[in-house]
Amino acid sequence: VMNKAIAGTRDILPEDIQKWTYLENLVHTTMNNFNYKEIRTPIFEETRLFKRSIGEATDIVSKEMYTFIDRSETSITLKPEMTASVVRALLEHSLDKQQQLNKLYYIAPMFRQERPQAGRFRQFHQFGAEVLGSTSPLLDTEIIIIAYRIFQNLGLKNFSLKINSLGIPASRDKYKNLLRDYLSDKIETLSDDSKQRLDTNILRLFDSKDERDKAIMEQAPLLLDHLDEESKEHFESVKEILDGADIPYEVDPKLVRGLDYYTHTTFEIVSGSVGAQSALCGGGRYDLLVKEIGERDVPGVGFAAGIERILLACENEGVLPKIENKIDYYVVRLNKELSNEVFEIASNLRSKNQSVEIDYSLRSVKAQMREANRLGAVKVLMVGGEEFERGKAALKDMCTGEQAEVEISEFMKK
Ligand code: HAM
């Protein structure tokens, strides 16, 4: 039986690549405009890094990681997200000691063993950014704006921003007790999943898709109404700066994220064009994560966006520019004996930074011209006959149809 790609993984074929590079180029340009520097980290890390940062009770860590013991008995995990790796790299190379503020970005594959469906993969790709070294709400907002601008510049229309604040652990812990009290006489009605999460990850009950859970959580007290003064102020600033930047948003007090490291601001941008897996990106502030991993006090904020979902949204909204395939030259061989000469002329043009194609299989002149057309050659150089004996060739402009004689040696010099 023929081998197939593993469920939830995809080949990105040459016909898809243009969309990917188009988006990647937009990411590089935008990040550069905001002065973020690219970082690349290995695709696997020690398992405990992710356990400590993302949190043992999260779905990602408890159900979805690709974890294995390697041949030297080390537990390894394919990275399910990038924030933990970036923080690990920052600490390992003391980037935080070299400069106060580190603005970093990435484009990389991630791995989660989720149930595959439209917009959900087991190997997927994220671009994202992390800022380490400042608690300023300007940076919470900058991170949101970067994601927002990239979606706008792609031409996407059907998306919206949701923001929330998870405050600091002290106010969050107090609130969790409140929520526990509220739920105490409703436990029997909760779904089994939610019953389990009561002790491990109570905030995730807001994320339940179960109708009974939803009805109960509808009336639940909200963390946003129980924030301490400092957290409230921080959140107010973020909203004010977003207003100033003309970025529309909706405050969603039920927005809880699937990772444990957040403090203060959290956000998601959701698309109305991609179906159930609608989160194009998510992120937030994580002022205590670096301390958790590396005992150093470095606040952070960041986001990550799913490239597959974004390209799906672009496709469904019909917004990606049609990029035509073109090559600069097709060199046609008029006589069969001139294969090596044509090969040499093509090499020469290629070394002058031109994209050039030739025929490798002794096809007829007619077939070569057809191929030149199919490849979108801008110009065709026809080599052979008595012209070639005089050191000349015919250069045809495929757009105008005009043809001119050129001196081959002169032509190569240009
Ligand atoms: P996340 O919400 O887990 O956050 O993932 C961010 C985005 O990655 C999602 O909004 C979605 O677009 C995409 N994504 C996640 N899982 C899949 C999947 N199975 N298939 C396709 N796309 C997927 C994080 O990863 C955090 N590290 C974000 C962050 C950075 N927070 C602070 N800094």
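## The three-stranded sheet

In this predicted model, E46 has I76 in strand 4 as its bridge partner. That pair belongs to a bigger pattern: strand 2 and strand 4 (residues 75-78) run antiparallel to one another and are joined by three bridges. Zoom out and you'll find an open sheet of three strands in the order 2-4-3, with antiparallel pairing. Strand 2 and strand 3 (67-69) take the edge positions with a single partner strand each, so each has one side without a neighbour in the sheet. From one strand to its neighbour, the average turn in this sheet is 35°, ignoring direction.

There's a helix to spot here too. Helix 2 (residues 47-54) lies across strand 2, strand 3 and strand 4, and its angle to strand 2 is about 80°. While you have a sheet on screen, keep one rule of thumb in mind: side chains in a regular strand alternate between the two faces of the sheet.

## A nonpolar patch on the surface

Now turn to the outside. I43, F44 and F68 make up a nonpolar surface patch, and together they have about 270 Å² of accessible area. I43 sits in the loop that links strand 1 (37-38) to strand 2 (44-46). Is I43 buried, exposed or partly exposed? The relative accessible area of I43 is 40%, so I43 counts as partly exposed: the cut-offs are under 20% for buried and over 50% for exposed.

## Strand 9, wrapped up inside

How many residues of strand 9 (residues 263-271) are buried? Nine of the nine are, which means that strand 9 is largely enclosed by the rest of the structure.

Strand 9 has pairing partners to look at as well. With strand 7 (residues 159-165), strand 9 pairs in the antiparallel sense over seven bridges. As an example, L161 has I269 in strand 9 as its bridge partner. Strand 9 also runs antiparallel to strand 10 (residues 279-285), and six bridges join these two. Here you can look for T263, whose bridge partner in strand 10 is R285.

## The five-stranded sheet and helix 14

Next comes an open sheet of five strands, in the order 13-12-14-15-16 and with mixed pairing. Strand 13 (356-358) and strand 16 (403-407) are the edge strands, pairing on one side only. The average twist between one strand and the next is 25°. Within this sheet, strand 14 (residues 377-383) and strand 15 (residues 392-397) are antiparallel and share four bridges. L381 stands opposite L395 in strand 15.

Helix 14 packs on this sheet, where it touches strand 12 (327-333), strand 14 and strand 15. The directions of helix 14 and strand 12 make an angle of about 175°.

## Salt bridges

Time for some charged pairs. Across the whole structure, a search turns up 29 salt bridges. One of them links E371 and R374, with 3.2 Å between the closest N and O atoms. Both residues are in helix 14 (residues 365-374), three residues apart, or about one turn of the helix. How do their surroundings compare? E371 counts as buried because its relative accessibility is 17%, while R374 counts as exposed because its value is 62%. Shared partners can also link salt bridges up, and E45, R88 and E92 are joined into one network that way.

Helix 8 has a pair of its own: K195 forms a salt bridge with D192, and the closest N and O atoms are 3.6 Å apart. Again the two residues are three apart in one helix, about one turn. K195 is partly exposed, at 28% relative accessibility, and D192 is exposed, at 60%. For a salt bridge with both partners buried, go to R120 and E114, whose side chains meet at 3.4 Å, N to O.

## A buried spot in a loop

Finally, find N201, in the loop between helix 8 (192-200) and helix 9 (211-218). Is N201 buried or exposed? With a relative accessibility of 12%, N201 counts as buried, because the cut-off for buried is under 20%. Leaving out residues up to four places away in sequence, N201 touches A57, T58 and D260.

Notes. Residues are numbered from 1 along each chain as its sequence is written. This is a predicted model: local features need pLDDT of at least 70, side-chain atom pairs count only at pLDDT 80 or more; totals for chains, interfaces and linings use all residues. Side-chain values use heavy atoms; hydrogens and water are left out. Patches are made of residues with over 30% relative accessible area and no salt bridge: like charges are joined within 9 Å, nonpolar side chains (Val, Leu, Ile, Met, Phe, Trp, Tyr) within 5 Å. Accessible areas come from the Shrake-Rupley method with a 1.4 Å probe; for residues, only the protein chains shown count as cover. A salt bridge is a side-chain nitrogen of Lys or Arg within 4 Å of a carboxyl oxygen of Asp or Glu. Buried means under 20% relative accessible area, exposed over 50%, partly exposed in between (1.4 Å probe, protein chains only). Contact means heavy atoms within 4.5 Å. Two strands pair if DSSP finds at least two bridges between them. Axes are lines fitted to C-alpha atoms, for helices over the stretch in contact, and angles run from 0 to 180 degrees between N-to-C directions.
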